Amino acid sequence: MRMRAGFTLIEVLVGLSVSALALTAGFAALSFVADRASQAEAATVSALEGVAARELLVEWLTGARLRAPGNTGSFQGTDGEARGGMPDDQLMFPTTARTPLHVRNTVVRLYIDRDDETPETGLVAELTERIQDEPRRFELVPQAIGLDIHYLPEAADAFEWLPDWLGRNQLPRAVELVLHVAPGDTVPPLLRYPIRVALGR
Amino acid sequence: MTFSFSESRRGFVLLEAVVALAIIGLVAIALLSTTSSQLRTASKATVLLTARSLAEDRIAAIRFLNYDDLSRLPDSLVAGRFPPPFDAFEWTTVVEEMEDEYDLFGAEVVVNGLGESFPLRTLVHAPRPVLTGGATEAGRRGGEPAVGRGGRGGDAAPGRGGRDGGFGRDTGAGRGGDAGRGRGGAQVGRGGRGGGGRIESNEAAAVSPAMTAVRTTPASGVR
């Protein structure tokens, strides 16, 4: 009967410490796994954001036209440095791609908004259907602090990208957008990679 | 009797503990493996999403090549490694002219990296250079569909033909009547200065009988 009397104090202590050790190890493993899971999720979300912003720009640019019907706007790329020391390039183009305006032709203006008084910051797309309309603005990449745009001329043997595209009567063969972001920013890595689009093909 | 009873009782308690531990272990293993496979899927999705965007960039890079470059792809586009932060990825591009199709290329870009491989295929259309020196004849045969431009090209071609062999290139890039015609004029002007003597056609002309006539000539000669 002495065998069934119960555990001794030592036995209970040993049992408790063993289970405490096991629990600690289990929690450590679990929190490690949870960390990895949240990292993986953040990376996926970041990649998705990058892909989404890239594809939006690619789709709009692929639908770019030289002029909008009724001359409401034409394809004009301004070089920031040539324009009185402004740091950012700007691109205005009519596009037949689908935009949030849901009209056949949208005039898109891509620019960097550094003005603190406007609600938008970073890379902004300004969409209008007609010039007299109130433009609608969409923040595409809020973290962007600079934008460089280059244009590849149509001539078959030209392989030099030009800094601007003004007053031409044809579309460039391709457009390259390079976004600048502050170092260490959480911008999706895919947006640091240049976006190149072949136009009108 | 008492001894054997107490003996069997102790054994049973131990067995119980072992079974309980085993069950807990199995459940824990199942949970952890679910989580880890979820993690693997998530990171695979991230890698593939990135690879896809990079592959699309490579496709964009070959989309604005002309016929000559597509038939002999520049080395810098055939294979390479992406710049940081994507230096874990590398690409290979294969471009082949489609059989029995005019000026249509099949392009395949494969992006490899971080244990994943993402292939992306597309078709690229790039009109081949057209012989315009014998173009007197072609121009005549081509006749009307190319109207103003064709006529002008025809006018210019015979004079130049002897001087520069009359090789013109059709970049097929004309887009929209206005631009195409404006450029046609400019090209003729340049030809007159002794340049390449190029005549461009727009897409409307690319499907016109005129162009088909020009193109079938070399093709039937080859095949």
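These legends walk through several close-up views of a predicted model with chains A and B.

Residues are numbered from 1 along each chain as its sequence is written, while chains are lettered from A and ligands numbered from 1 in the order in which they are written. Since this is a predicted model, local features need pLDDT of at least 70 and side-chain atom pairs count only at pLDDT 80 or more, whereas totals for chains, interfaces and linings use all residues.

**Figure 1. Chain A at a glance, with 1 helix and 8 strands.**
Here helices (H or I, at least four residues) and strands (E, at least two) are DSSP runs, numbered from the N terminus. Follow the sequence of chain A and you will meet the pattern α-β-β-β-β-β-β-β-β. Chain A has 201 residues, and 32% of them are buried; a residue is buried if 20 or more other C-beta atoms lie within 10 Å of its own, exposed if 12 or fewer, and partly exposed in between, with C-beta atoms placed from the backbone. Contacts are counted for residue pairs whose C-beta atoms, placed from the backbone, lie within 7 Å. Among the contacts of chain A with a separation of 6 or more, 52% are between residues 24 or more positions apart.

**Figure 2. Strands β1, β2 and β3 of chain A, paired in the antiparallel sense.**
Strands count as paired if DSSP finds at least two bridges between them. Strand β1 (residues 76-78) of chain A meets strand β2 (residues 90-95) of chain A over 3 bridges. To find your place in this pairing, look for A:Gly77, which stands opposite A:Leu91 in β2(A). β2(A) also pairs with strand β3 (residues 106-113) of chain A, this time over 5 bridges. A handy landmark there is A:Phe93, with A:Val108 of β3(A) opposite.

**Figure 3. Onward from β3(A) to β4(A) and β5(A).**
β3(A) and strand β4 (residues 122-128) of chain A run antiparallel and are joined by 7 bridges. Within that pairing, A:Val107 has A:Thr128 of β4(A) as its bridge partner. β4(A) in turn pairs with strand β5 (residues 136-141) of chain A, in the antiparallel sense and over 5 bridges. Here you can pick out A:Ala125, whose bridge partner in β5(A) is A:Phe138.

**Figure 4. A:Ala174 and its surroundings.**
A:Ala174 belongs to strand β7 (residues 174-181) of chain A. A:Ala174 counts as buried because 22 other C-beta atoms lie within 10 Å. Its C-alpha atom is 7.4 Å from that of A:Pro153, which is 21 residues away along the chain. Setting aside neighbours within four places in sequence, A:Ala174 is in contact with A:Leu152, A:Arg196, A:Val197, A:Ala198 and A:Leu199, and also with B:Phe64 of chain B.

**Figure 5. The open sheet of chain B, with 4 strands in the order β1-β2-β3-β4.**
Pairing in this sheet is antiparallel. Its edge strands, β1 (79-81) and β4 (116-125) of chain B, each pair on one side only. From one strand to the next, the twist averages 15 degrees; axes are lines fitted to C-alpha atoms, for helices over the stretch in contact, and angles run from 0 to 180 degrees between N-to-C directions. β1(B) is joined to strand β2 (residues 89-97) of chain B by 3 bridges. In that pairing, B:Gly80 has B:Trp91 of β2(B) as its bridge partner.

**Figure 6. B:Val47 in helix α1 (residues 2-63) of chain B.**
B:Val47 is buried because it has 22 C-beta neighbours inside 10 Å. Although B:Gly113 lies 66 residues away along the chain, the C-alpha atoms of B:Val47 and B:Gly113 are separated by 7.9 Å. Beyond neighbours within four places in sequence, the contacts of B:Val47 are B:Gly113, B:Leu114 and B:Glu116.

**Figure 7. Chain B as a whole, and how confident the predictor is.**
Chain B has 8 helices and 4 strands, in the pattern α-α-α-β-β-β-β-α-α-α-α-α along the sequence. Confidence is given by pLDDT, the predictor's score for each residue, from 0 to 100. Chain B averages a pLDDT of 65, and 53% of the residues score at least 70. Over residues 134-223 of chain B, pLDDT stays under 50, and the model has 119 contacts beyond four places in sequence for this stretch. Where pLDDT is low, the predicted coordinates should not be read in detail. The model scores ipTM 0.77 and pTM 0.66.

Key: Two residues are in contact if their C-beta atoms, placed from the backbone, lie within 7 Å.
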